[in-house]
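Please open the model in your viewer and keep the sequence panel beside it, since each stop on this tour begins with a selection. The route goes from one pair of side chains to the strands around it, and then on to an interface between chains.

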Amino acid sequence: MNPEASVVDNVIDTVSAVFLVVGALMSLAAAVGLLRFPDLLSRMHAATKPQVLGLFLLLAAIGLQMRTWWVWPALLVAWIFQLLTVPVSAHMVGRAGYRTKHLHRELLSSDELDAVVQKAAQSARDDSSRDEADDGGRRD
Amino acid sequence: MMQTVLAVTAVILSLAAAGAIIRISRGPSLLDRVLASDVLLAILGAALCIDMAVNRHLNNLMLLVALSIVGFIGSVTVARFVADRREQANES
Amino acid sequence: MSRRRISLRQELPLLVWLVIVWGALWQDFSPGSLLFGALLAVLVARMFYLPPVEVSGRFNILHAVPFALRFLGRVAAASVEVMYLAAVRGPRVISSVVAVPLRSHQDLMVTATGHVISLIPGSLVVEVDRSTSTLYLHGLNVSSPEEVENLRREVRSIEAGLIRIMGSREELEAIRQEAAA
């Protein structure tokens, strides 16, 4: 093997090693956030988001290690699947958490949804028909 | 060099998994536990990725996609269930 | 039950995506494999009918690439920020719930904006009001009115970027006028 190729190899190896370690650190960040944040909604930030970057780095490291072009589409598909699913599940859990009052009011500096919810609940009580009370298909 | 990377990431991921498991056992509410088990699943996925990168194979790639979909369906189902049950409880 | 016919042009993004997934699953992008994948994609799209997504038919790749790069940069920066907050501030972090009215009333644009916003750490969609297309976001470490305003401006700029990529002509015109004013 000529020395130039091995230098390139070394660089690729180093870059992917850094990617792997940083990607693993993102998982650790998620766990630390899970343990240290005070309420469900802020825990959710820590739990779901660093994974996006973490998985990106890990998949990029795989792509670098394999050194063939045809793995990249497969890796991209795996990442896009995660991009599509993570916000949806985070939103569902967050919405359920907000509706079941799993948040601490004293940790919120402002809550612009609260007034809307109060108003909707008020009109739901006034209005006997359920359909009109729910503003515009929020409950699908 | 890959062996050191493997060792370092193994330690990091074990710590992360321990944190997630502590949150699963302590979590004050059901949603906290769901969230933490989601993170645990993501950590497993990360471990699969690292295995693939270090040993240079792609056998786990579809497992990874399946894992993320299982996590998605699981947490959405539980969230839906929690929301619905509380709403009915409020109405009755 | 009468189904609304979906034109091929509207269905095309879904079909292309399905073919790419097929190729990636087999890790084989030879013409034969792609052809069979296309056949299966049409079959799946016909058998498992989904309500059509209203696409504008525009897709500006020149805006899409910088947007994707900016998105990656933001995700990286914000991931580190959340990491720092988790390690240093921990239990004393203050958040707020912010209402952000969006310009677009198309489902696709609202969904895409919500997705991008949720993927950037530090903000999370709690509730969506579809009738007024308002997103209610939970912002981590947002405590002062200025920070609330910053978050709101950021969301609006992300929406503007998405409209430049694939919004309808009317929305694009509105963005241009806003930028000129």
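Begin by selecting Glu127(C) and Arg95(A), which form a salt bridge in which the closest N and O atoms are 3.7 Å apart. This pair crosses between chains, running from strand E2 of chain C to helix H3 of chain A. As you look at the two side chains, bear in mind that this is a predicted model. Are the two partners buried or exposed? Glu127(C) counts as buried at 3% relative accessibility, and Arg95(A) also counts as buried, at 9%.

Next, extend the selection along chain C to the whole of strand E2, residues 123-129. Six of the seven residues of E2(C) are buried, so the strand is largely enclosed by the rest of the structure.

Now add strand E3 of chain C, residues 134-139, which runs antiparallel to E2(C) and is joined to it by six bridges. To follow the register, select Ser123(C), which stands opposite Gly139(C), and then Val128(C), which stands opposite Leu135(C). The two strands form a hairpin with four residues between them, and in that turn Ser133(C) has a positive phi of about 45°.

Stay with E3(C) and bring in strand E1 of chain C, residues 95-101, which is also antiparallel to E3(C) and joined to it by six bridges. Here Pro101(C) has Thr134(C) as its bridge partner.

How is E3(C) covered on its two faces? In a regular strand the side chains alternate between the two faces of the sheet. Colour Thr134(C), Tyr136(C) and His138(C) for one side and Leu135(C), Leu137(C) and Gly139(C) for the other, and you will have marked residues that are all buried. Six of the six residues of E3(C) are buried, so this strand is largely enclosed by the rest of the structure.

For a pair within a single chain, move to helix H5 of chain C, residues 145-166, where Arg152(C) and Glu149(C) lie three residues apart, about one turn of the helix. Their side chains form a salt bridge with the closest N and O atoms 3.4 Å apart, and Glu149(C) is partly exposed, with a relative accessible area of 38%.

Then display chains A and B together, where the contact takes 48 residues from chain A and 47 residues from chain B. The two chains bury about 4000 Å² between them, of which 76% is on carbon and sulfur atoms. Select Leu20(A), Leu34(A) and Leu35(A), which supply 13% of the area that chain A buries against chain B, more than any other three residues.

How many salt bridges are counted between chain A and chain B? The count is two. In one of them, the side chains of Arg43(A) and Asp32(B) meet at 2.4 Å, N to O. On the side of chain A that touches chain B, helices H1 (3-36), H2 (40-66) and H3 (71-99) each supply at least two residues, and the residues of that side divide into 30 nonpolar, ten polar and eight charged.

Finish with Arg56(B) and Asp13(A), a salt bridge whose closest N and O atoms are 3.7 Å apart. Arg56(B) lies in the loop between helices H2 (30-55) and H3 (61-91) of chain B, and Asp13(A) in helix H1 of chain A, so the pair joins two chains. Arg56(B) counts as partly exposed at 42% relative accessibility, whereas Asp13(A) is buried, with a relative accessible area of 18%.

Technical notes: Residues numbered from 1 in each chain as written. Chains lettered and ligands numbered in written order. Predicted model: local features only at pLDDT ≥ 70, side-chain atom pairs only at ≥ 80, totals over all residues. Heavy atoms only, no water. Buried < 20%, exposed > 50% of the residue type's maximum accessible area, 1.4 Å probe, protein only. Pairing = 2+ DSSP bridges. Contact = heavy atoms within 4.5 Å. Buried area = accessible area lost by both parts, 1.4 Å probe. Salt bridge = Lys/Arg side-chain N within 4 Å of Asp/Glu carboxyl O. Nonpolar A, V, L, I, M, F, W, Y, C, P; charged D, E, K, R; others polar.
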